[in-house]
Every structure is written in C-alpha cells, then in structure tokens.
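Student: Could you walk me through this one, starting with how the chains come together?
Tutor: Gladly; let us have it in front of us before we go further.
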Protein chains: 2
Amino acid sequence: MIAEIVTIGTEITTGSTLNTNTYYLSQKLFELGIETHYHTTVDDDEERLKRVIEIALDRADLIITTGGLGPTKDDMTKEVIAKALGLELELDEEMKKKLQDMFARTGRRMSKNNLKQALRPKGASFIENDNGTAPGIFINKDNKKIIMLPGPPYEMNNMFEKHVKNLIGDETVILSKSVNTVGIGESNLESRLNELKLATPNTTIATFAKGGTVEIKIISKGTDRVRVQEEIDNIVGRLREEFKDYIYGYDNINIEEVVVKMLIEKGKKIGLCESCTGGLVSSMITRVPGASMVLDRAIVSYSNDAKVEELGVNPSTLEKYGAVSEETAYEMAKGLLDRGKVDIVVSITGIAGPDGGSKEKPVGLVYLCVMTRDNHRVIKCNFNGNRQTIQTRTAIKALDEIRKVLIIN
Amino acid sequence: MIAEIVTIGTEITTGSTLNTNTYYLSQKLFELGIETHYHTTVDDDEERLKRVIEIALDRADLIITTGGLGPTKDDMTKEVIAKALGLELELDEEMKKKLQDMFARTGRRMSKNNLKQALRPKGASFIENDNGTAPGIFINKDNKKIIMLPGPPYEMNNMFEKHVKNLIGDETVILSKSVNTVGIGESNLESRLNELKLATPNTTIATFAKGGTVEIKIISKGTDRVRVQEEIDNIVGRLREEFKDYIYGYDNINIEEVVVKMLIEKGKKIGLCESCTGGLVSSMITRVPGASMVLDRAIVSYSNDAKVEELGVNPSTLEKYGAVSEETAYEMAKGLLDRGKVDIVVSITGIAGPDGGSKEKPVGLVYLCVMTRDNHRVIKCNFNGNRQTIQTRTAIKALDEIRKVLIIN
C-alpha cells in the first residue's frame, strides 16, 4: 500500500505554521509498514486542492488529509474531495443531533456553519473526534482509502491512534519497541549495530539521535503476533547484552523521567549545584510531575562569590585551581552534601562559551562531581558545539551519572 | 510569481526527520511577496522524483528544491531535473578545481563520487555553499526559475540569505519588521490590531504566538524603498503608542536576551529564587552569552526546608500561609536580597501541577515577588495549561517583570 499525506492550509504554505502533522503521520505509517512516497501541501484554494487530490488518487492507494474540516468557508476539504470522487454530500441526522447536544452541553451557540460538520460524502463514515467539533471522514472506494482528519495536532493524533490505525491495517501484525541509550554516539552505535547483524527480512533497526541521547527503534512484522513479539524480544535481549550500560529505558520515556522514577523508588533525595548549566538540570528534573518528592534544592552558583557563600568553596581553591577545576567541582558538591539534607549531589562547573575559553581550559571543558555519603567521583568532559549544545550535553551527562549511581546504591 | 517547494529525501517521507526547510523557505518567500501554493516531498526514487518535477513545472514559475545534491548514489536531484528539462550535464572545471583545493586544504580524501558535485546542467550556474561541499544550482529557462539547494538547514539557510534572494527578487522592494510583545494574549492583540485598521493594500500585519510571547509582523512592499520604509516606520510608531508597555523588542530577539542586555547596560546584578519553575528562569537567562556578567546566583528552593535554610523564610510563615503565598514569596526574595550581592531579586512560588492543587489554591496559582533595594511588588497569577505550560508562562512573566523594573531603575 502506497500512501500520500496531503496537508491543506494557507497557514502552512505561508510559513506561519510548522507542519508537524506530516512528520507524525509519516512515522506512524512507517511503523505500520505502509510506504509513504509523497507529502503534498496546498493552500486553501478550491481549484488547486481539487487538482492535488486528483494527482494523489492517481499515484497512491491511501490518502490521508489534514486540515480544512472546520466550519468556516475556508474549510472545504470534504466538499472538494467528494466532488473529485463524484460523491454527493448528505446530512447525517445522527451527527447533527450529536453536534447540537455538544453545543448545548458546553453552553455555546451553534452557528449555521457548524451544520457543515454533519455532512458526509455518500457511503463515507465519520471518524470520532474526542477533542474537537470536527469529525473525520473515511471513504473506501475503488480500492482507494481516503481519510480526512482535522488540522489541530491534539485532535488529529488522538483520532489516528484510536480509530485510523484500525481502518488502514491489514492482517499483517506490526510491532515496535524503542531502546533508549545515553553515553554512546549515534555513529558509533550504528556501526556496532551493523556488525551485530540483528536485522532480518521482517525486522528493521534504526537509530534516532535526540538531543544527547540515541533511540534504537526495532520494527518487526509478520502474520503471527506471537512470533513477531518473540523476534522483537530476542533483539531487545541481544541489545541488552551488548549495550547494557548505555540503556536507560524503553519506548516513550526520557532520561529525566527515568531518574525521577528511580529516585522515588529508592526513596533518595537529590541536590544540585550548577554553574555552567545555569539551572538546566534542575529545570529538566522539575519538568517531571512528582519531582518535588526527590529534588530538595538546587544552587545555581554562577559567580565565584556564590560558590564561596552558598556552597562553602574555599576562596584559595578558586584562586589556585580556578572555578572550572576538579577541586572546585569537589568542594561544590561537598558543600551541599554536608548540609545533610540529601543523599546524592551532582555539581557542575565548566565553560559553555562562546567566550571564557583558553588554551588550557577550552570552551566545552566541564567537570562534574557526583557525591554520595560513601563515595564521590569527578568526571572531566570535553564537549563540542555551541553554548546551548554544550549546556544540553552536560545536563544529559549529569542525569546519566545520577542514573548510574542509583543502579548501584 | 507562483512558487512550489520540493523536498527530496526518504528520511522525510519515513518520518525520521522533521521538514523544517519548507517552513523556513515558505516564510522567506512570503516575506519576499512570492506566493507559495504547493509543498511537495518525495522519497529518493528517480521515477517518482521526475514526475514530481514535471508536475511542479506545470503549475509553478519558481521551483526550489532541497536535498539530493550530495555525492552518494541516492543523491540524484540534479540529474533528474536536468533530464526533465532536457538539459545535458557538463563537468565544470572551475568547480572541480575548487573541490580539489577544499579537500586538500582540510586534509580529507576526495572520492570519485565527490566529482559529481562539479557537474551542472548546461546553461545553469552554481550557487556557492560556504558551509558544505555541495554547491546549489540555478536554472532560468522558459520563464521558469529552478533553484536546487542542499538539505542540511545550516547550509541551505545561509545560501538562501546570501544568494537566492537576489536570484528571485524583482524590482519590488519588500521590507518587514517584527514587534515583539509580552503580557498580552494573541486574540486580544489581534482584535485590537483589527480595530486600529493599520493594514493598507501594500502592507500586511500578522501575529504569531511564540511560547508566552506574541510577535507582530509588518510586511510592506512597493517600488520605492524610501516610501516602503516610511510606511513600516509609521505603523511601528502607531504600535509603540498603542502597545508601549507590552513591547519588549524588535526583530529576532527574545525576552531573555533583552533582559540580559538591559542588565548589562544598566550595570545591575540579579538573583533568582525559584520554586515551581525549578530553575527554568535561571536556565533561560544563562542560555544567553554574557549571562555571567549579570546573574550572580539562583536558589531553587524546591522543598520547604530549602526555603527556610537557603533563603531564611520563617517556618511559621510557611505554616500559617503555606509555601504558595504572598508572604512566602516576599520572604524568599528578601532572604536573597539581604545577602547584599545583587540589585534585583525575583522569587517564584506556585503550583505547576498536575497534583498539589486545592479549591483555594488551584493548579496554576503562582506568586512572584520582584524586589529592589527601594521597592518590592508581589504579583498573583492564575495560569492555565499543563505543567510545562504553567512553568513556561511563569518564567516569561518573571522575565517581563525584571524588564519592567529595569525600565524605571
């Protein structure tokens, strides 16, 4: 089955909105084993839309459109596609009643235009929309499947997951699993994966770099669900053997969520002393619901004064070794741990750039100190990139070090 | 002039890469007054690409392609377009020499494949690429302009700005200006703009919401540069009268950059006490180069203990009024200001959710206290949205309050 994704809206062709719907749908179709050959976007113009649909009907078996299902006169996707297919529009009494009820329930006035949303091409069915007023449309005609979805991503994504998957799948079972890694570069990971030769005719393995971490995605298909699941489990097992230390989680989980979850499970509290990351690690951790159970405090000791006054770093240490040094990182961590309120402390000091680097201490040089009651370790890193990349990579490194400490503590 | 943007690459149709090139180019063409009617993406397949180009030649006057100009066998944009136009490919000796020199200079080995990059369709010219090995191609034939650019955004954007603009512009002068606002909602701003009736036949005014701030973009065109600039200046003047308090800057500047710049100019130092934002404000400020000149320290006092121990909040205040209260916000700010190291302190305490809300203190309730040596103000906010939205809006509000204090101090 060959798919084309058609996006309708002048807000996209004028560059006022970034087209993330196509990105989402392409990923989902890829995971279902459906090949997407084309994406087309067209502005809100009846003639041009009609022509785009005719071209799509000519070259694809599955057409998914987003946008143009609302109540205004700019919204004409349903009307134009019905015309292109030679189908009449009928008023669906059930949908009319549903819309009326919904408007009554939410106390909003239903305009005449909203009735447009109860129209459907003859023989088509509606696709329910839990998050908005515009239902989707499904047409199955002459071996072509046409699916129309509304433009707002939170409406569209939900409808795809809940209803569309079932409308376009066949007997083929497609399962996928993501293995999330940290601390190993994408190209290194990729070449090691190639050497392992884990892919089979039914299974693809791909890597995706995501801001300092790398996702390994395994997608497998077949007719027997149990066999497909087994194949995935086998590969995940092999990956676990090979990359054990680098794997922090599976599927849709990021490293800060893993760290917060582990801290909660182990009943440990954490404290942070950040200099060059300026609160980024703390901000990432506190994005996760429940962070208040595990983060006690963070000190962004950006100036030297703050390092001395807030964390008790010895002024002579700063003078002798500099703010970016193993010794300062150690004293920062010790200062906070000695307050006696947390079990683990991570301190960070480095040069994020663009200025402030020297030959001995170049931009990208970072020291982290991870400290518990019994132990500590200072890690020296040299990161490449601009200010923001260096800050992000440092933050991910810090989260990974917390994770490693939690594995053994 | 009608434009079509064609993106070439299987990484886009499989959803492995988000297509930001089209977004960028659509904006740029819109600003140049060129109407983009279509975006098309096609995977790396010779036959399908050829057909896509034929369709584009049929319906557009300007075709801009991105991707498929590299040295591998998957890269075939130039070859296919030359074929579609009936043009032969010639080896350009000058470009060959240039490539050889570049490889020699950077000490890399030039493979035979790299020679592909010195080929150009007969009559076409190269577009220089400062950031990569693949040059772009410009063809002007039968009243159609075809521009081929490489896929990597940092190569493509630079080439567009430096060379492509001049290739596609006509005598029309198009100028634009962005007015960035904070503290006023997009729909409110839009209806006030509509009432002002500032737009003219040659001038469009549009608003774009950007994570808590709203950009007003003015685009004006004409044949006389001085007149066009005057028209924009007049509108900016009117906007300044109407929205004075909400405007924080112009063109490509964000609010944290404005705040850092103002602090540097006024020679003031800042300190932050963050609870519900967990270091987000500090992290936004320290993203800006030069932040070390103005941020002294930030205390993320996430637990009640931290509020007491790090900021000297009175335990009885926490008991009587709670951590999320006017009184606590005040004492947090006072605690840090009394250290005597900074001129301005902002403290933040609130409920980011999803848990922790009550009827009296719902999720989204936030208190900010802005304090200088002479003055202080506590602001109560009720934000809507999920945890991350509440944190972001609070951070933007805090930055805006610092900005306001700096205007009068």
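Tutor: One term is needed before we look at strands: two strands count as paired if DSSP finds at least two bridges between them. Please also keep in mind that this is a predicted model.

Student: Okay, so which residue is the bridge partner of Thr41(A) in strand 2 of chain B?
Tutor: The partner of Thr41(A) there is His39(B). That pair belongs to the two strands 2, one from chain A and one from chain B, which run antiparallel and are joined by five bridges.

Student: And what is the strand order of the open sheet of 12 strands?
Tutor: The order is 6(A)-7(A)-8(A)-3(A)-1(A)-2(A)-2(B)-1(B)-3(B)-8(B)-7(B)-6(B), and the pairing is mixed. Its edges are strand 6 of chain A and strand 6 of chain B, each of which pairs on one side only. On average, neighbouring strands in this sheet are turned by 20 degrees against each other, if direction is ignored.

Student: How do strands 7 and 8 of chain A run relative to each other, parallel or antiparallel?
Tutor: They run antiparallel, with five bridges between them, and in this pairing Ile139(A) has Ile146(A) as its bridge partner.

Student: Back to the two chains: what turn lays chain A on chain B?
Tutor: A turn of 180 degrees, with a shift of 0.0 Å along the axis, lays chain A on chain B with an RMSD of 0.1 Å. That is how a two-fold axis relates two copies. The same surface serves both of them, since 98% of the contact residues of chain A recur in chain B.

Student: How many residues are in contact between the chains?
Tutor: There are 53 residues of chain A in contact with 53 residues of chain B. Strand 2 of chain A gives the largest share of the chain A side, with seven residues. By class, that side has 19 nonpolar, 23 polar and 11 charged residues.

Student: Changing topic, at what angle do helix 3 and helix 4 of chain A pack?
Tutor: They pack at about 50 degrees, with their axes 9 Å apart, and are therefore oblique to each other. Helix 3 of chain A passes helix 4 of chain A in a right-handed crossing. By class, their contact has six nonpolar, no polar and four charged residues.

Student: Which residues meet there?
Tutor: From helix 3 of chain A come Glu46(A), Leu49(A), Lys50(A), Ile53(A), Glu54(A) and Leu57(A), which meet Val80(A), Ile81(A), Lys83(A) and Ala84(A) of helix 4 of chain A.

Key. Residues are numbered from 1 along each chain as its sequence is written. Chains are lettered from A and ligands numbered from 1 in the order in which they are written. This is a predicted model: local features need pLDDT of at least 70, side-chain atom pairs count only at pLDDT 80 or more; totals for chains, interfaces and linings use all residues. Copies are superposed by least squares on the C-alpha atoms of residues with pLDDT of at least 70 in both. Two residues are in contact if their C-beta atoms, placed from the backbone, lie within 7 Å. Axes are lines fitted to C-alpha atoms, for helices over the stretch in contact, and angles run from 0 to 180 degrees between N-to-C directions. Helices (H or I, at least four residues) and strands (E, at least two) are DSSP runs, numbered from the N terminus. Angles under 35 degrees count as roughly parallel, over 145 as roughly antiparallel, 65 to 115 as roughly perpendicular and the rest as oblique. A crossing is left-handed if the near helix is turned anticlockwise from the far one by less than a right angle, and right-handed if clockwise. Ala, Val, Leu, Ile, Met, Phe, Trp, Tyr, Cys and Pro count as nonpolar, Asp, Glu, Lys and Arg as charged, and the others, Gly among them, as polar.
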